[in-house]
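Trainee: I have a structure open and I don't know where to begin. Can we go through it together?

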Amino acid sequence: MKVSVIIPAYNAKATIDETLASLSLQTFQDFEVIVVDDGSSDGTADYVQERYPQVRVFTQTNAGPAAARNYGVNQSQGEWLAFLDADDAWLPWRLELQLALVTKYPDVGMFCGQTTDLVTSV
């Protein structure tokens, strides 16, 4: 497993489909997906487990997104960690591009990128 994608989720049932769809479109596919439900009351964990059996889902008492990310890190099996919020989406080439940068710059330990608002006004 090359990458562990960790998604902290709190009451994310309404947004998690778009988030997970963006992962299915990645041009690089050697990754696991970990969703850490942070004490949601909207059934996020059950929803993800039922609709996305390939996703590893964990639950914890509400402790905030940082604690959920840390919990996910402790469950991860990947060589690299990637963090994605449950109300966000990635462009299809994100992981491929970042792993190409790892090859080109092997001393780099972390990558950060810009965000793009893809919503257009009508």
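**Salt bridges and cores**

Mentor: Start with Arg-56 and Glu-32, whose side chains meet in a salt bridge at 2.8 Å, N to O. Keep in mind that this is a predicted model.

Trainee: Where do Arg-56 and Glu-32 sit in the chain?

Mentor: Arg-56 is in strand E3, residues 56-60, and Glu-32 is in strand E2. They are 24 residues apart, so the pair links distant parts of the chain.

Trainee: Is Glu-32 buried or exposed?

Mentor: Glu-32 is buried, with a relative accessible area of 6%. Its partner Arg-56 counts as partly exposed because its relative accessibility is 25%, and the cut-off for buried is under 20%.

Trainee: How many salt bridges does the count come to?

Mentor: The count comes to three. Another one joins Glu-79 and Lys-2, at 3.6 Å from N to O. Glu-79 lies in the loop between helix H3 (65-75) and E4, while Lys-2 is in the segment before E1, so this pair ties together parts that are 77 residues apart in sequence.

Trainee: And how accessible are Glu-79 and Lys-2?

Mentor: Glu-79 counts as exposed, at 56% relative accessibility. Lys-2 is partly exposed, at 25%.

Trainee: Which residue does Arg-69 pair with?

Mentor: Arg-69 forms a salt bridge with Asp-85, and their closest N and O atoms are 2.8 Å apart. Arg-69 belongs to helix H3 and Asp-85 to the loop between E4 and H4, with their positions 16 residues apart in sequence. Both are partly exposed: Arg-69 at 23% and Asp-85 at 32%.

Trainee: What about Asp-38, what is the nearest side chain of opposite charge there?

Mentor: That is Arg-69, but it is 9.0 Å away. A salt bridge needs the atoms within 4 Å, and Asp-38 has none, although Asp-38 is buried.

Trainee: Then what does Asp-38 touch?

Mentor: Leaving out residues up to four places away in sequence, the contacts of Asp-38 include Ala-9, Tyr-10, Gln-60, Asn-62 and Ala-68. Asp-38 itself is in strand E2, which covers residues 31-38.

Trainee: New topic. Which residues touch the most other members in the largest nonpolar core?

Mentor: Val-5, Ile-7, Leu-20 and Leu-23 do, out of 25 residues in that core. The elements giving two or more residues to it are strand E1 (3-9), helix H1 (16-24), E2, helix H2 (44-51), strand E4 (80-83) and H4. E1 gives the most, with four residues.

Trainee: Which residues does Leu-20 touch?

Mentor: Not counting residues up to four places away in sequence, Leu-20 touches Ile-7, Val-33, Val-48, Tyr-52 and Val-55. There is also a second, separate core of five residues, among them Ile-6, Ile-34, Phe-58 and Ala-68.

Trainee: Why would nonpolar side chains be buried together?

Mentor: I can only give you the general tendency: in soluble globular proteins, nonpolar side chains tend to be buried together.

Trainee: Which residues form a nonpolar patch on the surface?

Mentor: Leu-91, Trp-93 and Leu-97 form one, and together they have about 290 Å² of accessible area. Leu-97 is in helix H4, residues 94-104.

Trainee: Why does Leu-97 count as partly exposed?

Mentor: Because its relative accessibility is 47%, and exposed starts at over 50%.

Conventions:
Residues numbered from 1 in each chain as written. Predicted model: local features only at pLDDT ≥ 70, side-chain atom pairs only at ≥ 80, totals over all residues. Heavy atoms only, no water. Buried < 20%, exposed > 50% of the residue type's maximum accessible area, 1.4 Å probe, protein only. Lys, Arg positive; Asp, Glu negative; His and termini not counted. Contact = heavy atoms within 4.5 Å. Patch = residues over 30% accessible without salt bridge, like charges linked within 9 Å, V, L, I, M, F, W, Y side chains within 5 Å. Areas by Shrake-Rupley, 256 points an atom, 1.4 Å probe, with all protein chains shown as cover. Core = buried A, V, L, I, M, F, W, Y, C linked by side-chain atoms within 4.5 Å.
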